[in-house]
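Let's walk through how the pieces of this fold sit against each other. Have the viewer open and follow along.

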Amino acid sequence: MKQALLQGRQVSKVFAQDQMKNKVLDQVDVDIYKEDFTIIMGSSGAGKSTLLYALSGMDGVTDGTVAYKGKQISRLKEKHMAKLRAQEFGFVFQQTHLVSNLTLFENVAVAGFVSKKGSTAEIQERTRSLLAQMGVEKAGNRLPSQVSGGEAQRAAIARAMIGNPGLLFADEPTGALNKSHTEGVLSLLTSLNNSGQSILMVTHDLRAAVRGNRILYLEDGKILDELILPRYQAEDERSRENRLKDWLSELQW
């Protein structure tokens, strides 16, 4: 039986503006399992990113609860939530959010110091190792403005992994990349998952979604359906994509 790493129960999120209330998440129940590559899909405005932010503690919930490794986190004070995010979660976004005046090496290492997992020497060595794993070790001394978008995103993934996160959250990580850079980033994420890294990713891109083994479909703030696939194998990509397209078509995506 799979182990539930993250659990959301009756999660709702309401945004109020000009005396109007907009319920973006509507009593969502969801389990995210250890070592899964879970994908969240849905039409624009369905609440995909809002759900990811709510589950990760990046944003609060209006109602309901979120638990990580069996412990409720949705009511933690911000200082405790920030500590949990630094030590247990990794984040990759569409925009890299790398610090512009720090090198790629420094961007990754600083995140390691924040996580407080290891000595200075250990963090520096892990930074070098991660940059090499991501294929950007030669760009480690360059600023974000001096590297390609794909290289910057690879460094952002290294930064997300520096604290050995229990769960990696990714919000449209390939949304700003061209095709070749997209393939490189997806291959890295797939490799991380194959080595045991649990990943929860929001995407609208079929090329990205086929990398997952579990796809959740969100509509009007609710999980409408889910698709279970075998672990990704490159030789099966076409058949996986066709199966995903048929499923999405049934859901009128």
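Helices α3 and α4 are oblique to each other in this predicted model. Why oblique? Their packing angle is about 135 degrees, and angles over 145 would count as roughly antiparallel while 65 to 115 would be roughly perpendicular, so this pair lands in the oblique class. The axes of α3 (residues 104-115) and α4 (residues 120-133) are 9 Å apart, and the crossing is right-handed.

Now pick out the side that each helix offers to the other. From α3, the contact takes F105, V108, A109, G112 and F113; from α4 come T120, I123, Q124, T127, R128 and L131. Sort these by character and you get six nonpolar residues, four polar and one charged.

Next, swing over to the sheet. As background, strands of a sheet pair through backbone hydrogen bonds, either parallel or antiparallel. Here the sheet is open, with four strands in the order β2-β1-β4-β5 and antiparallel pairing. Its edges are β2 (20-33) and β5 (71-72), each of which pairs on one side only.

How many bridges join β1 to β2? There are 10 between β1 (residues 4-17) and β2, and the two strands run antiparallel. If you want one pair to click on, try F15, whose bridge partner in β2 is N22.

One more helix belongs in this part of the picture: α1 (residues 48-56) packs on the sheet. Helix α1 touches β1, β2 and β4 (63-68), and its direction makes about 65 degrees with that of β2.

Conventions
Residues numbered from 1 in each chain as written. Predicted model: local features only at pLDDT ≥ 70, side-chain atom pairs only at ≥ 80, totals over all residues. Heavy atoms only, no water. Axes fitted to C-alpha atoms, helices over the stretch in contact; angles between N-to-C directions. Parallel < 35°, antiparallel > 145°, perpendicular 65-115°, else oblique. Left-handed = near helix turned anticlockwise from the far one by under 90°. Contact = heavy atoms within 4.5 Å. Nonpolar A, V, L, I, M, F, W, Y, C, P; charged D, E, K, R; others polar. Pairing = 2+ DSSP bridges.
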